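Here is a short walk through one protein model, written for someone who likes to check each statement against the atoms. Keep the viewer open as you read.

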Amino acid sequence: MKSFLNDHYRMKDRLMSSSKPVALITGASSGIGAVYANRLAERGYDLVLVARRVDRLHAISEKLTRQHGVEIRTLKADLTVENDLVSLEDLLRSDERIALLVNNAGNGKLSSTVDMCDVDANATLALNIVAPTRLARAVLPGFVKRNTGAIINIGSVMAFCTLPITTLYSATKSYLLTFSQGLKAELAETGVRVQAVLPAGTATEFYDHAGIPLSAFDQAAIMTTENLVDAALVGFDQGEDVTLPSVHDAGLWLAYENARSTLFGATQTGVPAPRYKRT
């Protein structure tokens, strides 16, 4: 934690003279997070890149600084470790230049609930639920006070699909989608935005960690990280609250949301349905 804070204050001093907005990206050492770093640097953001693999972060930082002339902080942090998470919360509360939080770090061991070990289950809950919730709660008071800022939560289409080997993963992504939509409603009268991005199969290292290689899937259904992030940012620019980059018919999402609303409305009767009548 001491090293984390020393890095933070050294870099904060360097960045004080910059007027650029800052984007903080978790899980930024590869895959979706690394592409977000590239695209946001292209858009003129200074960056805070957070991940466990600091060597990769340094390589990305050097490249993007050279290409785009942005200032970049690299922070080594494991968001399943309490001290690291607390330090990141402190940064989000204290740095008023942070204008965008990208909650990208995630985990998802593909396994049945019975067969999954405690370490994998705890890591999935910590990265997919606890960390994005706490980081959002840390940054939001400042955003609301300044009436500007945005959170991008990287979820999954598995938020509304559960397979025998995705029970916990799907549940956590369903939470993240619900959390994002709830925040959107809470912040409706402010200038603060929340976007949930729901990728389908994407060419990242996720599958290696999940236990099933990417090669086991239909390659025609796999999107590149570049295409995913570019589509997600177009959705962000267009004001979408939920972005499904691989869904061509936007009406499907509207129909899904309308069906959910209709179902909820149908629950508000106060009496049991006739099929539950005692005989």
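Let us start with an open site. Four elements, namely H6, helix H8 (225-237), strand S7 (242-243) and helix H9 (250-266), each supply at least two residues of the lining of the second largest pocket. Before going further, please keep in mind that this is a predicted model.

**The pocket and the cavity**

Which element gives the largest share of the lining of the second largest pocket? That is H9, with four residues. The pocket has a volume of about 380 Å³, and 18 residues line it. Glu240, Val242, Thr243, Leu244 and Trp253 are the ones that lie nearest its centre.

There is also an enclosed space to look at: the structure holds one cavity of 30 Å³ or more. About 70 Å³ of space lies in this largest cavity. Its lining is made of 13 residues, with Asn103, Asn104, Ala105, Leu127 and Pro132 nearest the centre. Helix H5 (118-146) and helix H6 (167-186) each supply at least two residues of that lining, and H5 gives the most, with five residues. H6 therefore appears in the linings of both sites, as a look at the cavity and at the pocket will show you.

The residue classes of the two linings are set out below.

| Site | Nonpolar | Polar | Charged |
|---|---|---|---|
| Lining of the largest cavity | eight residues | four residues | one residue |
| Lining of the second largest pocket | nine residues | four residues | five residues |

**The sheet**

Now turn to the strands. In this model, seven strands form an open sheet with parallel pairing, in the order S3-S2-S1-S4-S5-S6-S7. S3 and S7 stand at the edges with a single partner strand each, so one side of each is left without a neighbour in the sheet. S7 is a link back to the second largest pocket, where it supplies at least two residues of the lining.

Strand S2 (residues 46-51) is a good place to zoom in. Is it mostly covered or mostly exposed? S2 is mostly covered, since six of its six residues are buried. In a regular strand the side chains alternate between the two faces of the sheet. On one side of S2 sit Asp46, Val48 and Val50, and on the other Leu47, Leu49 and Ala51; all of these are buried, and both faces are covered.

S2 has a neighbour on either hand. With strand S1 (residues 22-26), S2 pairs in the parallel sense over five bridges, and Thr26 has Val50 of S2 as its bridge partner. The chain gets from S1 to S2 by way of helix H2 (residues 31-42), in a right-handed β-α-β crossover. With strand S3 (residues 72-76), S2 again pairs in the parallel sense over five bridges. Here Ala51 stands opposite Lys76 in S3. A right-handed β-α-β unit is made by S2, helix H3 (residues 54-68) and S3.

**Residues worth a click**

Asn128 lies in helix H5, the helix that gives the most to the lining of the largest cavity. Is Asn128 buried or exposed? With a relative accessible area of 1%, Asn128 is buried. Which partners does its side chain meet? A polar atom of the Asn128 side chain lies 2.7 Å from the backbone oxygen of Asn107. The side chain of Asn128 is also joined to that of Thr172 by a polar contact of 3.0 Å.

Asn147 lies in the loop between H5 and strand S5 (149-154). Most residues other than glycine have a negative phi. The phi of Asn147, however, is near 60°, a positive value in a residue other than glycine. Asn147 is partly exposed, with a relative accessible area of 43%.

Leu187 belongs to another loop, the one between H6 and strand S6 (192-197). Leu187 counts as buried because its relative accessibility is 8%, and the cut-off for buried is under 20%. Leu187 and Lys173 are 14 residues apart along the chain, and their C-alpha atoms are separated by 21 Å.

Key:
Residues numbered from 1 in each chain as written. Predicted model: local features only at pLDDT ≥ 70, side-chain atom pairs only at ≥ 80, totals over all residues. Heavy atoms only, no water. 1 Å grid on protein atoms, 1.4 Å probe; cavity = no way out; pocket = protein on both sides within 12 Å on 5 of 7 lines; lining within 4 Å. Points joined across faces, edges and corners; volume = space filled by probe spheres on them. Nonpolar A, V, L, I, M, F, W, Y, C, P; charged D, E, K, R; others polar. Buried < 20%, exposed > 50% of the residue type's maximum accessible area, 1.4 Å probe, protein only. Pairing = 2+ DSSP bridges. Right-handed = clockwise from strand over helix to strand, strands pointing away. Polar contact = N/O pair within 3.5 Å; in protein donor to acceptor, adjacent residues only side chain to side chain.
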